[in-house]
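Hi,

Here is the structure I promised to pass on. Have a look at it first, and my notes follow below.

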Number of protein chains: 4
Amino acid sequence: MAGSTFGQLFTVTNFGESHGPAIGCVIDGCPPGLALTEADIQGDLDRRRPGTSRHVTQRNEPDAVEILSGVYEGKTTGAPIALLIRNTDQRSKDYGNILQTFRPGHADYTYWHKYGIRDPRGGGRSSARLTAPMVAAGAVAKKWLREQFGTEVRGCMTQLGEVVIQHEGWDHVHQNPFFAANVSQIEALETYMDALRKEGNSIGARLYVEATGVPVGLGEPLFDKLDADIAFAMMGINAVKGVEIGAGFGCVTQKGSEHGDALTPEGFTSNHAGGVLGGISTGQDIRVSMAIKPTSSIRLPRPSIDLNGDPATVETFGRHDPCVGIRATPIAEAMLALVLIDHALRHRAQCGDVQVTTPDIARRG
Amino acid sequence: MAGSTFGQLFTVTNFGESHGPAIGCVIDGCPPGLALTEADIQGDLDRRRPGTSRHVTQRNEPDAVEILSGVYEGKTTGAPIALLIRNTDQRSKDYGNILQTFRPGHADYTYWHKYGIRDPRGGGRSSARLTAPMVAAGAVAKKWLREQFGTEVRGCMTQLGEVVIQHEGWDHVHQNPFFAANVSQIEALETYMDALRKEGNSIGARLYVEATGVPVGLGEPLFDKLDADIAFAMMGINAVKGVEIGAGFGCVTQKGSEHGDALTPEGFTSNHAGGVLGGISTGQDIRVSMAIKPTSSIRLPRPSIDLNGDPATVETFGRHDPCVGIRATPIAEAMLALVLIDHALRHRAQCGDVQVTTPDIARRG
Amino acid sequence: MAGSTFGQLFTVTNFGESHGPAIGCVIDGCPPGLALTEADIQGDLDRRRPGTSRHVTQRNEPDAVEILSGVYEGKTTGAPIALLIRNTDQRSKDYGNILQTFRPGHADYTYWHKYGIRDPRGGGRSSARLTAPMVAAGAVAKKWLREQFGTEVRGCMTQLGEVVIQHEGWDHVHQNPFFAANVSQIEALETYMDALRKEGNSIGARLYVEATGVPVGLGEPLFDKLDADIAFAMMGINAVKGVEIGAGFGCVTQKGSEHGDALTPEGFTSNHAGGVLGGISTGQDIRVSMAIKPTSSIRLPRPSIDLNGDPATVETFGRHDPCVGIRATPIAEAMLALVLIDHALRHRAQCGDVQVTTPDIARRG
Amino acid sequence: MAGSTFGQLFTVTNFGESHGPAIGCVIDGCPPGLALTEADIQGDLDRRRPGTSRHVTQRNEPDAVEILSGVYEGKTTGAPIALLIRNTDQRSKDYGNILQTFRPGHADYTYWHKYGIRDPRGGGRSSARLTAPMVAAGAVAKKWLREQFGTEVRGCMTQLGEVVIQHEGWDHVHQNPFFAANVSQIEALETYMDALRKEGNSIGARLYVEATGVPVGLGEPLFDKLDADIAFAMMGINAVKGVEIGAGFGCVTQKGSEHGDALTPEGFTSNHAGGVLGGISTGQDIRVSMAIKPTSSIRLPRPSIDLNGDPATVETFGRHDPCVGIRATPIAEAMLALVLIDHALRHRAQCGDVQVTTPDIARRG
């Protein structure tokens, strides 16, 4: 209720702060009998972790995960799965200069006013570091979904500032630090980022994430619709300011005759719906886009106020991501997987077995 | 858990179908001592109800609300408030021709696959008619928020198909059936809608909704962030396909030096954040935009399939809104109010009293 | 969260007051496809309703239930099922004399202090009348459990004041107004009650309720154990002060060699556990006992205080049950059924299909 | 939803197994600003821990708690508080002989049938060892309750097998390993336990726990009544089979004129209610009793079945408590404190500030 638990039946309770001794999560409700080891989880954590290129924060941590419970002889038992990641490269002194002021665009201000106290080290609880346990939990969800239904979740960056990234192929994504589905644009992206870093500034980004092989029937009307829960999950990721399902804002100028995806005996012929109708999955691919704001921790001096409300100037010198969108792709994938497994279990509770899908002949190549 | 309850502490459990005997909701968790009569609720219901202009469905119902419980001598008692609205103008025969087929872009298909059964009369549970109880519940939330904090919630249509609506003033909104904040564009909107209706088609729309006088500190990290819950609420409204907070997708091309709202002793000087930082309200206005897809029930014949998966052609003759966005403004307002009251109570639980806000000198005139 | 919803997956949200216009509930999460009409529900409501003998309150109401939603052509659709019962025999004047004072042992006092306001008519929200919607919801749960697993729920009174009732046979229960499994003791019970009524006093009772044909595996450790949820359900019934599972308080003097129910290839040879081990059903009968306190509304004058804290004398003249335990058997049955269906759905969510049980060779004849 | 989280607003998510690497919990919703260190928690853990006398399991572990998050510079921040306790004295081989059979009266059987897999080492998840994190969380709750309202929670053993323990004084409780409020009976209890241990058997017990200084108004009707939640909490403790509030089963033979606690300007003159009326606290002491069954793991050979359903004989040789009731007092205290803090926060959410209590002139000396 205080907001640190995600999900209704496959619940993930997240804990920790950026510069505390450890971060982690407890998964409750994972079906028993799933083969699971740390290695199944570490891969996604490595994709998200800092320090992998010059374009992200230089904080250097292995983010090694330890399974504390819920697994016996390599299989989940149905008991809660506690995952622990020790923090190993905290440098609290980096943040000394911002303790008495509020960074424009940062949660500094709101945490202070909400709780009357805050852990200022590295953003404390509001740090994007807390997405690591979600990536870990998402890896468990992905594995179960893959084994049960053949569901796959994948994502890519589609825009970095003004640079729109053309989709060349999903295999490109793994060949560059930007999660771009286009290796031919990497040089342009690197040049863009280098200039930005030099300037001491940050930039926004746009991401796309999708799930394929999704069963039909997932989602609970009236409120816990599949798309509503996806919006909740994505908007809850640090720095996200907008979410679209399928055609998204493009539907504003669409007519009904264009937007409604025609059904044929071979399947749907388009996917403006993004795989959801009436809040319930159609069996088509789930398609989600999101906007990520530029990091608030920038080196450029900004006008602000201090704890007393007096004018102050803020400069941030710590190690920060100039574009938080770069490392957000595995996070968005994890959150989508967590929404899907939760709704798969909810569907099973009320309606029993999950169904095979109608073919999606509009699938992106 | 089956998705018909909205909220955590101020919960609204919705029931009913478009063409059943009645629709309604049960509010649990309303603070005691709030003065409340049917008249406090009926106003917003009247703004939402069908049949008010030629541009919306011609279904004609008073949508008169009855308070069944939770109020004694004109005041809430802390007990659940049950609100009942009898359906009075159901014409089930209107839908007879679509029982055996699936409308492209409609929840027909997914309800059928999820539950193995569906109430086809007027869309049954998936009908936008089920937003009426939410508008009723939202009116209760609005009243409490206004009396406690002076919070006001209001909305308007900002785009109808290709027609962008300029914001002339909030008082314009009440003077036209489109909820447009610009009476000088009404003729253009009417012409646009008349052509569309003649064509037998439908169109999308874009809405804006905001809350002013919001206390600082509302929202629960890590997941139940205020903006995440707003996204959940808005994406859960029928036909919504995209949600933005503050700068929304505009932040993709913003730099950090531009996006971060500067703090001065007099208040924030801009509001790109849309009133939320780190998932917690800043005390600035909450600013939300959403995209609404064109109605799937259109008169134009469409290719589809029947229950056996064989090809079929679908035409819909019932009474439908050619632009569901037109009546959606009071719905979006209600949902925003429901999110805010829920988070106000949650904040009070953990942190005690709610605080006064920092002035927002960037407020829209 | 304000406490008016029972269950996690098969949720029942209760509303209404004793003397308001109506009482009722909304069931969310009922599996689709269950054949259901008002007649399936009315039977249990009739067993609970007032005015059926001289030993219970003389309030005379048919308690006719109306299904407002969630059922289409005689089958549940998966949408919420709203059940409405109009109040028809409220006599508010009966209570006029207690508005300014607190009855010893009554919720008057606590409602007043909690909410700063109360609906005093007939106990308002705290009235046992609010168990009627639970009996209605329980009837739906019973039907589903019976059709799915052959589970049956039944109960009886085992003690009325000092009169211990010997168990002669389950068929006796339906032949007397006390729900006694022994018709030969009815005369004694009637004599006892007549003397009590003459005295203007009330008395406690002890009930027993059991479920047979329960699948093995229901219950969620660590906290939402099946027995913990049964205790929660029973202690939540008006006037219940004690709950036992299986051997109950008898286990205090049992040794491990006696208490532990031996397993044989033919099944368990005893049932001290009451059908639950480690919070999970064994497949044996679930056995529950409860203590019900004497009604607080008695005719005998009692010392008390008024709203100002000054001394006052309270006499209650309205229509009351001198032993609320008499009508509590169908209520306890309903609550047990609601716990079981909820856990059946929860089990299905995490673990998939529900299993057949081990034979219980210790079943009560 | 899978049952490992306790509470609604002050939530405790428990993880771990008896013989895994660690056990622990995550508290979410703790109010910010509470002074908290490991020392505040360790005291209660030491009262519960094994190996403190010859009458409890000889497993020897320090149960040292580590705070991983949620505390900054000695104060809670409002973020989740993760508590970790490493297991240090697991001897899995102790259990080797019971892997293929089911112990009568043990959760072995039900875990196996529910999950199709179980962690057999030391009872795995069903071990009473998992109460340690609850005692830790309860210590946090106790501290907050004490500082906010002056609430104190305390408990004692009132019966060990046939030996009824007379209440001599609360200060006695800390002077003996039985948590008996009577040091003069200790020798008798030791003799009783020594004979039992020699016999290779186990025995039941009865505990009493109470809270003083409880605010009036805590508890949420209709279902989440304070007493219903206490029953849920207590019945959820390992081995508990019965729960009573106030007069408990004694009320079966009470008349209304005797049971109803009279109110005078000086306060209540008795406390048959156990501090709860209509599910809401009266401000009197909360009084709870519970029955604890004898341990199922006994040395005496018992008939049972193996995994194939064939006859088998079970003897348990590991280190076990011959009376689990002995160490259960701090556990029951912790659970009562957790119920109270949760309801205090819930009350604050809906009704605002918590009130001072009416004097309880019936308090136990």
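In chain A, residues 24 or more positions apart make up 71% of the contacts that have a separation of 6 or more. Bear in mind that this is a predicted model. Chain A has 7 helices and 18 strands. Its radius of gyration is 21 Å, close to the 21 Å that the globule rule gives for 365 residues, so chain A is as compact as a globular protein of that length. The C-alpha trace of chain A spans about 65 × 50 × 40 Å along its principal axes, and 68% of the 365 residues in the chain are buried.

Next, the annotated positions. UniProt, in an unreviewed entry, lists a "binding site" that includes A:R125, A:S126, A:S127, A:K293, A:P294 and A:R319. I looked at two of these.

A:S126 is in the loop that runs between α2 (108–115) and α3 (132–149) of chain A. Is A:S126 buried or exposed? There are 25 other C-beta atoms within 10 Å of A:S126, and the cut-off for buried is 20 or more, so this serine counts as buried. Leaving out residues up to four places away in sequence, A:S126 touches A:A107 and A:Y111 in chain A, plus B:P221 and B:G278 in chain B.

A:P294 belongs to another loop, the one between β16 (286–292) and β17 (302–305) of chain A. This proline is also buried, with 31 C-beta neighbours inside 10 Å. What does A:P294 contact, leaving aside its neighbours within four places in sequence? From chain A there are A:S202, A:I203 and A:G204, and from chain B there are B:C251, B:Q254, B:K255, B:G256 and B:H259.

Over in chain B, I went through helix α1 (residues 38–48), whose buried residues are B:I41, B:D44, B:L45 and B:R48. Seen down the axis of α1(B), these buried residues fall within an arc of 105°, so they line one face of the helix. Their cover includes β4 (65–67), α3 (132–149) and α7 (329–351) of chain B. Exposed residues B:A39 and B:G43 sit on the face of α1(B) that is turned away from the buried side.

For chain C, the thing to pull up is an open sheet of 5 strands, with antiparallel pairing and the order β1-β2-β3-β7-β4. Its edge strands are β1 (5–6) and β4 (65–67) of chain C, each of which pairs on one side only. Helix α3 (residues 132–149) of chain C packs on this sheet and touches β2 (11–16), β3 (22–28), β4 and β7. The direction of that helix makes about 35° with that of β3(C). As for the pairing at β4(C), this strand runs antiparallel to β7 (residues 81–86) of chain C over 3 bridges. If you want a residue pair to check there, C:E66 has C:L84 in β7(C) as its bridge partner.

Last, a small item from chain D. D:G267 lies in strand β13 (residues 267–268) of that chain. With 19 other C-beta atoms within 10 Å, D:G267 is partly exposed, because buried starts at 20. The C-alpha atoms of D:G267 and D:Q284 are separated by 8.8 Å, and the two residues are 17 apart along the chain.

Cheers

Note on methods. Residues are numbered from 1 along each chain as its sequence is written. Chains are lettered from A and ligands numbered from 1 in the order in which they are written. This is a predicted model: local features need pLDDT of at least 70, side-chain atom pairs count only at pLDDT 80 or more; totals for chains, interfaces and linings use all residues. Two strands pair if DSSP finds at least two bridges between them. Helices (H or I, at least four residues) and strands (E, at least two) are DSSP runs, numbered from the N terminus. Two residues are in contact if their C-beta atoms, placed from the backbone, lie within 7 Å. Axes are lines fitted to C-alpha atoms, for helices over the stretch in contact, and angles run from 0 to 180 degrees between N-to-C directions. UniProt positions are given in the numbering used here, feature names are shortened, and annotations may be inferred rather than shown by experiment. A residue is buried if 20 or more other C-beta atoms lie within 10 Å of its own, exposed if 12 or fewer, and partly exposed in between; C-beta atoms are placed from the backbone. The radius of gyration is taken over C-alpha atoms; the globule rule is 2.2 Å times the number of residues to the power 0.38. The arc is that of the directions from the helix axis to the C-beta atoms.
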